[in-house]
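Colleague: I should like to learn how charged residues and strands are read from a model. May we begin with the surface and then turn to the pairs of charges?

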Amino acid sequence: MALMSGLQRLLRQSPLLHSHHASIRLASTLTSPKLFVSGLSRLTTDEKLKEAFSSFGQLVEAKVITDRASGRSKGFAFVTYTTIEEAEKAREGMNAKFLDGWVIFVDPAKPREPRPPQQSRSQPSESGFTVNKTVGWCG
């Protein structure tokens, strides 16, 4: 815990480190008003994200991505504005800043790549149940 607070202090007090790192991440230009936010705390909610990003323009959506099975945050989110200009302001204003005690990074969102269709290995039986044909070790 002391290490984290020391690291946070160092990042806050070092404008050179902060501005250099932020300028590297701001190199690419936005082509859509959708932003990818990484480095989120597992405690950051949709509401906290909206609150943090709302001052830069009109938000269309602010969504923390969660694991389907556990419901826990995966540590990243997407934020969408009505215009590219608003998204650019948010990117400049929030990149390499602290949110819920964690340094977050704001980058242009990339278009979602199509996934190949999943092939099911096991077929449902006539009764509707899936048969597990995995062979285990005996002995």
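Colleague: Which residues form the positive surface patch?

Modeller: The model is a predicted one. In this model, Lys-34, Arg-68, Lys-74, Arg-112 and Arg-115 form a positive surface patch. To enter a patch, a residue must have over 30% relative accessible area and no salt bridge. Lys-34 has a relative accessible area of 34%, so this residue is partly exposed.

Colleague: In which strand does Lys-34 lie, and what is its bridge partner in E3?

Modeller: Lys-34 belongs to strand E1, residues 34–38. E1 runs antiparallel to strand E3, residues 73–81, and 5 bridges join the two. Thr-80 is the bridge partner of Lys-34 in E3.

Colleague: How many bridges pair E2 with E3?

Modeller: Strand E2, residues 59–66, pairs with E3 in the antiparallel sense over 6 bridges. In a regular strand, side chains alternate between the two faces of the sheet. In this pairing, Ala-62 stands opposite Val-79, and Lys-63 stands opposite Phe-78. The hairpin of E2 and E3 has 6 residues between the strands, and Gly-71 takes a positive phi near 80 degrees there.

Colleague: How should I read a salt bridge, and how many does a search of the whole structure find?

Modeller: Side chains of opposite charge can pair when their charged atoms come close. The search finds 4 salt bridges. One of them joins the side chains of Asp-46 and Lys-63, at 3.5 Å from N to O. Asp-46 lies in helix H3 (residues 46–53) and Lys-63 in strand E2, so the pair ties together parts that are 17 residues apart in sequence. Asp-46 is partly exposed at 24% relative accessibility, and Lys-63 is partly exposed at 38%.

Colleague: Which residue meets Lys-48 in a salt bridge?

Modeller: The side chain of Lys-48 meets that of Asp-100, at 3.8 Å from N to O. This pair links distant parts of the chain, 52 residues apart: Lys-48 is in helix H3, and Asp-100 is in the loop between strand E4 (97–99) and strand E5 (102–108).

Colleague: Where do Glu-88 and Arg-91 lie, and is Arg-91 buried or exposed?

Modeller: Both residues lie in helix H4 (residues 84–94), 3 residues apart, which is about one turn of the helix. Their salt bridge has its closest N and O atoms 3.9 Å apart. Arg-91 has 0% relative accessibility and therefore counts as buried, whereas Glu-88, at 21%, counts as partly exposed.

Methods
Residues numbered from 1 in each chain as written. Predicted model: local features only at pLDDT ≥ 70, side-chain atom pairs only at ≥ 80, totals over all residues. Heavy atoms only, no water. Patch = residues over 30% accessible without salt bridge, like charges linked within 9 Å, V, L, I, M, F, W, Y side chains within 5 Å. Areas by Shrake-Rupley, 256 points an atom, 1.4 Å probe, with all protein chains shown as cover. Lys, Arg positive; Asp, Glu negative; His and termini not counted. Charge placed at Lys NZ, Arg CZ, Asp CG, Glu CD. Helix = DSSP H or I, 4+ residues; strand = E, 2+ residues; numbered from the N terminus. Buried < 20%, exposed > 50% of the residue type's maximum accessible area, 1.4 Å probe, protein only. Pairing = 2+ DSSP bridges.
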